[in-house]
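User: I am new to this structure and would like to learn how to read it feature by feature. Could you show me the model and then take me through it slowly?

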Amino acid sequence: MKMVNVYNTRTRSKEEFVPIEGNNVRMYVCGPTVYDYPHIGNARSFAVFDTIRRYLEYKGYRVVYITNFTDIDDKMINRSKEDGIEVSELAAKFITEYLTIAKQLNLIPATINPRATEHMDDIIEMVELIIKNGYGYDVDGDVYFNVPSFETYGGLSRIPMDDLSSRARVEVDEKKKDPRDFILWKAEKPGEPSWESPWGKGRPGWHAECSVMGKHYLGFPFDIHGGGQDLIFPHHENEIAQSAAAYGIETPVKYWLHNGFLTIDSDKMSKSEKNFSTAREVLDNYDHQAVRLYLVTGQYRQPLDYNDKAMKQAIQSLERIKNAADTIRGRISILEKIGSRESDADRKLAEASKKAREDFEKEMDDDFNTPGALAEIFTLVREINTLTKDVGGAAVLREALAVMIELVGILGVNLADEAQTGEGAGQAAKALKGIVDFLLELREGARKSKDFAKADQIRDRLGELGIEIADTKDGPTWKMS
Ligand SMILES: [Zn+2]
């Protein structure tokens, strides 16, 4: 298996990706603050890391994928006041919105979507440890992280300490020992949600939650931490400082991956300039699969511009892919009726399918170069369009179709569903259910006779096929992931 190379922000270089523990990949991606409709730039981050996850799974890794909901912070509080609703109500509304977008963008559901408010005990414990270890201090119920006491601060963002001082002086806070210090715990203000803590009632600073959730669900160090480039400083820099200071570890994360900005009509998108488009607006106006495809048309670290032309191109690209699939399906049904001799085209198409897969992997192995990978898919599309009419063997056509479905699937485009809507789909679904149920019966039998290796093998093999088994108190259940 060819190695995947990833660009690690920490080392500013491409490195061979080697998971910390065997075949298991533990991955954390900073999720949305659920106070407003995510903008299309947020959607880029969702799609990028979903594609990375899909590719790692394709390469045979088992991925645990955690992405959080920030459901308490200044933005949440301000917005809930504006709207005259509880913070929890606001959170519920936009978590639902996020999950809808996730479905429309065909994101594989996260293994867990933890929320900040569910981890108050963990957060308080971490802040206590930071104080105990000499990196934090409290002033009238506010707790700060003392940046100068943490020697390697700035290691991720590579911002020199002096520059940090001049930046920090802009917002003066009398309580801080040093202008660079950042907040770990904020004392309660009247009318705001708060939690009991050793420093009195209050709530956590934003950076705290990602440290504790990473530790809670994945353990330190874990393999991949993802997020937008805007999170490198201060969010991720502070995460490293907190985790290292509290738990005495060298580094919480092996590979830091950051996606580039999304611009709109070449203007840097910012909410204050009011030139943003929400993911909702975009998804309401365009085919969802085309939006997903558009979001991965650029290499993830590069800036991506959102404009009409780019969306139109994505729509056309999707059409071309679908048309090629239809061309193959059409030819297969002809061959099923009349049959034909194999010809030179068979050999050429078989070769093109094989080469498409190899070249696609080459591109993706190079720091998930999705535009290169997409170009390889289009090389296959061209071969399909040229050769299919002369191909005489249905097996070669099915293989080409399967390769195309699999490769575009890694980019998050689902062509397989369309194939299942045709004649015989209901029958196929019925047969699948029967087969999976039968395998689960065999697995139960294996468990009863304590053959756990066999039971695990059945679960794992089904898992590889995208069939997830869950053991409930009423027996095992399954679903397609
Ligand atoms: Zn985060």
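Analyst: What follows is a walk through the sheets, a helix and the metal site, and you should keep in mind throughout that this is a predicted model.

User: Let me begin with the sheet that has parallel pairing: what is the order of its strands?

Analyst: The way to read a sheet is to list its strands side by side and then to look for the edges. Here an open sheet of 4 strands, paired in parallel, has the order β4-β3-β9-β10. Because β4 (62-67) and β10 (253-259) each have a single partner strand, they stand at the edges, and one side of each is left without a neighbour in the sheet. From one strand to the next, the twist averages 20 degrees.

User: Which residues are bridge partners in this sheet, for instance for Asn24 in β4?

Analyst: Pairing is read bridge by bridge, and we can move across the sheet in the order just given. β3 and β4 are joined in the parallel sense over 6 bridges, and within β4 the bridge partner of Asn24 is Arg62. On to β9: β3 runs parallel to β9 and is joined to it by 3 bridges, with His225 in β9 as the bridge partner of Tyr28. Finally, strand β9 (residues 222-228) and β10 run parallel and are joined by 6 bridges, where Gly226 has Leu257 in β10 as its bridge partner.

User: Is β3 mostly covered or mostly open, and what unit does β3 make with α1 and β4?

Analyst: Cover is read by counting buried residues, and in β3 5 of the 6 residues are buried, so the strand is mostly covered. As for the unit, β3, α1 and β4 together make a right-handed β-α-β unit. When you look along any strand, it also helps to remember that in a regular strand the side chains alternate between the two faces of the sheet.

User: How does the sheet with antiparallel pairing read?

Analyst: The same approach serves again, starting with the order and then the edges. This open sheet of 4 strands has the order β5-β6-β7-β8, and its pairing is antiparallel. Its edge strands are β5 (136-139) and β8 (202-204), each of which pairs on one side only. Neighbouring strands are turned by 20 degrees against each other on average, direction ignored. For one pair in detail, β5 and strand β6 (residues 142-145) run antiparallel and are joined by 4 bridges, and Val143 in β6 is the bridge partner of Asp138.

User: What coordinates the zinc ion?

Analyst: A metal site is read from its donor atoms and from where they sit along the chain. The zinc ion is coordinated by Cys30 through SG, Cys210 through SG and His235 through NE2, at 2.0 to 2.1 Å. Along the chain these donors follow the spacing C-x179-C-x24-H. Cys30 lies in the loop between β3 (24-29) and α1 (40-58), while Cys210 lies in helix α6 (residues 206-218), so the pair ties together parts that are 180 residues apart in sequence. Both cysteines are buried, Cys30 with a relative accessible area of 10% and Cys210 with one of 2%. As for disulfides, the structure holds 0 of them.

User: How far apart are the end C-alpha atoms of helix α7, and how many of its residues are buried?

Analyst: A helix can be checked by comparing its expected span with the one found. At 1.5 Å a residue, the 16 residues of helix α7 (residues 232-247) should span 22 Å, and the end C-alpha atoms are 21 Å apart, which agrees. Since 13 of the 16 residues of α7 are buried, the helix is largely enclosed by the rest of the structure. Gly248 follows α7, and its phi is positive, near 65 degrees.

How values were computed
Residues numbered from 1 in each chain as written. Predicted model: local features only at pLDDT ≥ 70, side-chain atom pairs only at ≥ 80, totals over all residues. Heavy atoms only, no water. Pairing = 2+ DSSP bridges. Helix = DSSP H or I, 4+ residues; strand = E, 2+ residues; numbered from the N terminus. Axes fitted to C-alpha atoms, helices over the stretch in contact; angles between N-to-C directions. Disulfide = S-S within 2.5 Å. Buried < 20%, exposed > 50% of the residue type's maximum accessible area, 1.4 Å probe, protein only. Donors = N, O, S within 2.8 Å, 3.2 Å for Na, K, Ca; no water. Expected span 1.5 Å × (residues − 1). Right-handed = clockwise from strand over helix to strand, strands pointing away.
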